[in-house]
Every structure is written in C-alpha cells, then in structure tokens.
Amino acid sequence: MAKRARRKTSKKKAGISFFGLTARALMTLAAGLLLLSCLSLFLDPVHFWFFTIFGLLFMPLFVLNLALLIWAVMRKSKAAVIPFLAILPSLFFIGKFYQWSDNRKDSDTDGITMVSYNVGRFVQYGAGTAKDRTSCADSVVSFIKSCDADIICLQEVQIANANQVKKWINDNFKGYNSEYYVMLAGNGAFGNITLSRFPITDKGKFDFENSTNLALYTDIDVKGKKVRIYNCHLQSYGLSASRILTSMGRNEELQKAQDKMRTSIIRRPKQVDQVLRDIRECPLETIVAGDFNDTPMSHTYYMLNKDHKDTFTQAGKGFGGTFVNFRHLLRIDYVLIPKDAEALSYEVPRVRCSDHFPVVTKFAL
C-alpha cells in the first residue's frame with residue numbers, strides 16, 4: 001500500500017512538473033513575441049520587414065500576456081515574473097491604443113476641426129443602410145457635413161465618371177477650396193481629396209513608385225499663419241483576413257500572401273521617406289493625416305510622429321481603433337499636428353460607410 005501511495009505521489013509530481021514546464025514555455029514564448037512587437041517600432045522594415053507583423057499583433061499579445069500574468073498570480077506561481085517583465089516595457093506603448101482619462105479640452109475653445117476619412121471607394125454599403133455605391137457616397141457626404149469641419153482629408157475616393165470629379169466636389173462641398181488627384185480606373189477614377197475653408201496657397205502630390213497609393217500636400221493660410229497639410233494613403237496590404245485564412249494549408253497561396261505582405265511592408269517606408277524629406281525641407285509647420293496602413297507599433301508611425309503630436313494620445317479617450325473589421329485593435333488612421341499645437345478633442349465615430357472609421361479632431365495652432 002505504501003509503495004502504491006508513493007507511486008501515485010511521484011506520478012502526480014511528474015504531472016505537475018510537466019504542466020508547469022509547458023506553462024512556462026508558453027509564457028516565455030508569449031513574452032518574447034510581445035518584446036519583439038515593442039522592438040518593431042524602431043526597426044526599419046526595409047531590412048527587417050518581418051518584425052512589422054509582430055507590431056500588428058501588439059494588442060493581442062499584450063492581452064495574452066496580461067491573461068497569463070493574472071492566471072499565474074492566482075495560482076501563486078513564481079512564473080508570473082515572466083509575463084510581468086514582458087508587460088512592463090509594453091506599458092509605455094499601450095497609451096497609443098487606449099486612453100484611460102478624458103483629455104479633451106473645453107469644447108468652446110476656438111480651434112480648427114479636421115476630418116480624415118478613408119472612404120473605401122464607397123463600397124461598404126452592405127454593412128450600413130446604403131443600398132449602392134451612390135447612396136453610400138451620399139451617406140459619407142452627409143456625415144462629413146455634420147462635422148462642420150474646417151479641413152477634410154479623404155482617401156480612396158472613387159467617382160464613376162472621371163470627368164466629373166471637380167463637379168462632384170463643388171456640388172457636395174460648397175464653400176471649400178479643394179485639391180485632389182485621381183487615377184483612372186476601369187470603373188471611373190479614384191484618389192485623394194483635400195478640402196479647406198481656408199485659402200490654399202500651394203499644393204502638390206507625391207508619386208509613389210509602383211503603387212496606386214499617393215499623398216498630397218496642401219499649404220493653407222489660417223488667419224495669416226501658413227501650414228502644410230499632408231493627406232496620405234500609404235501602401236495597402238491588399239490582403240483581407242479571409243484571404244489569409246483561406247491560404248492556410250495551401251503552400252502556393254500562402255507564399256503569394258506572404259510575398260504580397262512583404263512587398264507592401266517594404267514599400268511603405270520608402271513612401272514615408274518621400275514625405276519626410278518634404279517635411280524637413282518645408283519652412284512651414286506641418287500636419288500629417290490619413291491612412292498609414294500601419295499601427296502605432298510601426299516604424300511608419302514612429303518616423304512620422306517624431307516631430308509631431310498624435311491627436312489621439314493628446315485628446316482621445318478609450319480605444320482609438322479605426323479599422324472596421326478589428327475596430328478596437330487596429331488604429332491605422334491618424335491626424336498628427338505640430339509639436340507646439342494643442343489637441344482639443346478627438347473622436348472616432350462608428351460610421352459604417354467604409355472599411356475604416358473616420359477620425360474627427362479639433363486642435364489649436
């Protein structure tokens with residue numbers, strides 16, 4: 001009987017030991033991936049493209065490590081130190097995704113209201129009340145008008161008739177000065193549009209190599225103070241979550257998806273460099289807005305935000321996610337203002353007219 005008891009005890013200890021080792025291995029893996037995610041912010045994707053993927057997974061990895069920490073603490077396990085040490089540096093970055101306190105200033109404070117919105121070619125009508133592309137476009141216009149914005153930056157605008165772009169702008173946005181650039185497509189034209197109630201003193205665009213994405217710059221005169229606005233639509237991945245999932249288990253399709261992702265990741269920093277060169281040479285204060293197609297844990301965001309303020313971290317509250325399919329986890333649309341400007345308010349209205357949510361912010365120059 002004593003021998004049997006000893007055997008049972010030894011088996012039980014072995015079982016616990018195996019479970020403990022497995023748990024520690026999982027914690028170490030999750031902690032390592034989270035630290036790699038933090039590191040991705042500082043690495044140039046041209047040379048370290050794969051680290052960008054870790055940056056995209058920052059929030060899920062943070063939540064996983066937090067769950068493992070809570071689980072280990074509840075079990076009074078010494079292994080809790082593993083996720084704890086991984087979470088510590090992550091706390092410096094979590095505010096780029098979620099803001100606990102309400103930093104909004106007095107709404108009566110005089111400032112400039114700005115909207116940045118990737119309208120997704122007006123094809124998100126299936127998820128909203130609009131029944132077709134035209135009614136979806138009407139819904140977008142109606143929303144933007146309700147914002148009463150001084151500056152509007154639109155990306156992925158598609159107009160069925162390439163010759164009617166200027167008329168569409170004039171009919172829908174009376175009282176605004178405009179700059180736009182569109183590319184011809186089989187079903188019309190698509191591109192970016194910048195609208196301003198302030199006088200436009202200069203304007204231009206950046207041609208991105210081997211890409212249909214683009215960026216515009218617009219110099220405006222705000223009551224005697226000139227500022228340059230960059231309306232950016234940086235390189236898209238061109239991959240949906242469903243396509244990635246369906247490619248799993250099919251080596252050829254998975255390789256195509258990987259190649260497409262790698263190409264997009266490598267092109268984006270080159271596009272950022274073009275914008276940054278202009279920013280460095282520009283004698284005016286600059287505002288950078290648009291769809292960056294990158295999260296705050298990316299080299300794209302790190303470089304463009306270096307000499308700017310992120311209006312979300314300055315005046316946002318709650319989650320700042322702007323991509324509809326991952327509404328809380330993916331913040332890829334931004335309005336970055338000059339260092340000496342002040343963000344007064346920041347909102348991400350849950351408008352279902354695109355695969356992006358709009359960014360609406362107010363700031364004082």
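The following exercises, each with a worked solution, concern a predicted model.

**Exercise 1. The six-stranded sheet**

Determine in which order the six strands of the open sheet are arranged, and which strands lie at its edges.

*Solution.*
Step 1. Strands of a sheet pair through backbone hydrogen bonds, either parallel or antiparallel.
Step 2. Tracing the pairing across this open sheet gives the order β6-β7-β8-β9-β12-β10, and the pairing is mixed.
Step 3. An edge strand pairs on one side only, and this applies to β6 (200-207) and β10 (308-310).
Step 4. Between neighbouring strands of the sheet, the average turn is 20 degrees, direction ignored.
Step 5. The edge strand β10 is joined to β12 (residues 333-338) by three bridges in the antiparallel sense. Within this pairing, Asp310 has Leu336 of β12 as its bridge partner.

**Exercise 2. Strand β5 and its partners**

Identify the strands that are joined to β5 by bridges, and explain why β5 is described as largely enclosed.

*Solution.*
Step 1. Strand β3 (residues 151-159) runs antiparallel to β5, and seven bridges join the two. One of the paired positions is Ile151, whose bridge partner in β5 is Ser196.
Step 2. Strand β4 (residues 177-185) is also antiparallel to β5, with nine bridges between them. Here Ala185 has Gly188 of β5 as its bridge partner.
Step 3. The connection from β4 to β5 is a hairpin through two residues.
Step 4. A residue is buried when its relative accessible area is under 20%. In β5 (residues 188-196), nine of the nine residues are buried, and the strand is therefore largely enclosed by the rest of the structure.

**Exercise 3. Two residues and their surroundings**

Classify Thr300 as buried or exposed, do likewise for Val123, and list the contacts of each beyond four places in sequence.

*Solution.*
Step 1. Thr300 is located in helix α9 (residues 299-305).
Step 2. Its relative accessible area is 3%, so Thr300 is buried.
Step 3. Beyond neighbours within four places in sequence, Thr300 is in contact with Leu234, Arg268, Val272, Phe292 and Asp294.
Step 4. Val123 is found in the loop between β2 (112-118) and α5 (133-147).
Step 5. Partly exposed residues fall between the limits of 20% and 50%. Val123 has a relative accessibility of 40% and therefore counts as partly exposed.
Step 6. With neighbours within four places in sequence set aside, Val123 is in contact with Arg133 and Cys136.
Step 7. Val123 and Ser354 are separated by 231 residues in sequence, while their C-alpha atoms are 6.7 Å apart in space.

Note on methods: Residues are numbered from 1 along each chain as its sequence is written. This is a predicted model: local features need pLDDT of at least 70, side-chain atom pairs count only at pLDDT 80 or more; totals for chains, interfaces and linings use all residues. Side-chain values use heavy atoms; hydrogens and water are left out. Two strands pair if DSSP finds at least two bridges between them. Helices (H or I, at least four residues) and strands (E, at least two) are DSSP runs, numbered from the N terminus. Axes are lines fitted to C-alpha atoms, for helices over the stretch in contact, and angles run from 0 to 180 degrees between N-to-C directions. Buried means under 20% relative accessible area, exposed over 50%, partly exposed in between (1.4 Å probe, protein chains only). Contact means heavy atoms within 4.5 Å.
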